[in-house]
Amino acid sequence: MPWRPRLDSLAARLIASAAVWTMLGLIAGGFVLSGIFSASVQSDFDARLKFDLDGMIAAAEPDQTGGVSLQGRFTDPRFERIYSGWYWQIVPDKITGGAPGSDQTQISRSLFDKTIRRTDTSKSKTLIWGHGIGPENQRVRFVARHVEFPILSTAAPGDTRGYTFLVASDMSEIQDQIEDFNQMLFWSFALLGAGLIGAMLFQVRIGLQPLRRLPIALAHIRDGKARRLVGDFPTEIEPLATEVNNLIGHSEEVVGRARTHVSNLAHALKTPLSVLTSEAHAEPGPLADSVMRQVEAMRRHVDHYLARARAAGALDVIGTRAPVQPVLNDLARVLRRIHVEKNVTINVDCPLDLAFRGEKQDLEEMAGNLIDNACKWAKARV
């Protein structure tokens, strides 16, 4: 039968408490690792956006009228494929009296005929970070920077025009990475948790093995196979075993003193009864007959209750044990001689390992009376 810890056992409490703390630790560790990985992926993602933004600004060339163009200097296949998830756009500052078309936003080929619609922004030094909606309702993250370019057609110093350069990318890429990592992290920690709980089950079973030996050792004492708790017990259990052995020794001392008192009482009562019997025999008559009857009744009561006290005292001695077969063989040998004139056959059929929970003399008294009574009434065989 497989070992199963009971819900109210020490093993169940140890396993449950360790499992709870293990699960809490794994869950907390999972959230921490997931957060670190998410932050790392987000940081790497932002670094790529900033790298592309710097490259696009470096590739921008101002013209005579204050406009800018990339003129094929910023080429990247990601920005050429329509709705690829990587986009850029250049938004000029609005001015009055500018040339026709000078306020138009330049976009990457990947945007086709769409633009990035911002939903939230946050500024960090010269950069603007935020999220927006791209083509086909893609959730994108962008980085932007405002740059001033000189107008070459004028000679006035400080005559510039500003443009906002923006690079954006679909966030589904990093979200897929994070989801894949979280899924792998969940199953890895689930297997780790199952392994740890299995290891705890094994550890608790091995650690509590000495406690399971205690009931077996106590059963051996109760059945008379041992007189004391024997075995190598751990330091934590050794004081318990020592106290149990001391308790057994104390019980034996108490029972031994009780038997001594019973024996002394028997001798103290039998002497006066014998004196009364002698006196009654010396003075025959109605009074003597009445005294004899009462003395016999007293003797029977004394013998009866002393026998009961002796039997009870014997049972109180933990581990008292007597083999049955040798006692029966001895009784059969004696009773054959006593009833030799009847020529009675006495057969003993007793298992070798059968034992009497008590003392040998009590077994001899009970079995001897029973077999002697059987011999008196048997015709040929007992």
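**Figure 1. Phe 79 and Trp 86, a buried pair of rings.** Both Phe 79 and Trp 86 are buried in this predicted model, where buried means under 20% relative accessible area, exposed means over 50%, and partly exposed covers what is in between (1.4 Å probe, protein chains only). Their ring centres lie 6.3 Å apart with the planes at 80°, so the pair is edge-to-face. Here, rings of Phe, Tyr and Trp (its six-membered ring) pair if their centres lie within 6.5 Å; planes under 30 degrees apart are stacked, those over 60 are edge-to-face, and the rest are tilted. Ring pairs also bring in Phe 45, giving a cluster of Phe 45, Phe 79 and Trp 86. Trp 86 has a charged neighbour too: Arg 78 lies over its face, 4.3 Å from the ring centre. For such a placement, NZ of Lys or CZ of Arg must be within 6 Å of the ring centre and within 35 degrees of the ring normal.

A word on how to read these views: the model is predicted, so local features need pLDDT of at least 70 and side-chain atom pairs count only at pLDDT 80 or more, while totals for chains, interfaces and linings use all residues. Residues are numbered from 1 along each chain as its sequence is written, and side-chain values use heavy atoms, with hydrogens and water left out.

**Figure 2. Phe 149 and Phe 165, a tilted pair.** By the same ring rule, the count comes to 6 aromatic pairs. One of them joins Phe 149 and Phe 165, with 5.9 Å from centre to centre and 50° between the planes, which is tilted. This pair links distant parts of the chain, as Phe 149 sits in strand E7 (residues 139–150) and Phe 165 in strand E8, 16 residues apart. Helices (H or I, at least four residues) and strands (E, at least two) are DSSP runs, numbered from the N terminus. Phe 149 is buried at 9% relative accessibility, and Phe 165 is buried at 0%.

**Figure 3. Asp 52 and Arg 78, a salt bridge with one buried partner.** The side chains of Asp 52 and Arg 78 meet at 2.9 Å, N to O, in a salt bridge. That term stands for a side-chain nitrogen of Lys or Arg within 4 Å of a carboxyl oxygen of Asp or Glu. Asp 52 lies in helix H1 and Arg 78 in the loop between strand E2 (68–69) and strand E3 (86–92), so the pair ties together parts that are 26 residues apart in sequence. Asp 52 is buried at 5% relative accessibility, whereas Arg 78 is partly exposed at 25%. You have already met Arg 78 over the face of Trp 86.

**Figure 4. Arg 48 and Glu 173, a bridge between two helices.** How many salt bridges does the rule find? The count comes to 8. In this one, the side chains of Arg 48 and Glu 173 come together at 3.5 Å, N to O. Arg 48 belongs to helix H1 (residues 10–59) and Glu 173 to helix H2 (residues 172–207), so the salt bridge ties together parts that are 125 residues apart in sequence. Both ends are partly exposed: Arg 48 at 27% relative accessibility and Glu 173 at 29%.

**Figure 5. Arg 333 and Asp 330, a salt bridge within helix H6.** The closest N and O atoms of Arg 333 and Asp 330 are 3.0 Å apart in this salt bridge. Both residues lie in helix H6 (residues 324–338), 3 residues apart, or about one turn of the helix. Arg 333 is partly exposed at 41% relative accessibility, and Asp 330 is partly exposed at 33%. Elsewhere, salt bridges that share partners join Asp 44, Arg 48 and Glu 173 into one network.

**Figure 6. Asp 170, a buried acid without a salt bridge.** Asp 170 lies in strand E8 (residues 160–170). Which side chain of opposite charge is nearest to Asp 170? The nearest is Arg 139, 8.3 Å away; Lys and Arg count as positive and Asp and Glu as negative, while His and the chain ends are not counted. The side chain of Asp 170 does make a polar contact with the side chain of Ser 172 at 2.8 Å. A polar contact is a pair of N or O atoms within 3.5 Å; within protein, one must be able to donate a hydrogen and the other to accept it, and residues adjacent in sequence count only if both atoms are side-chain atoms.
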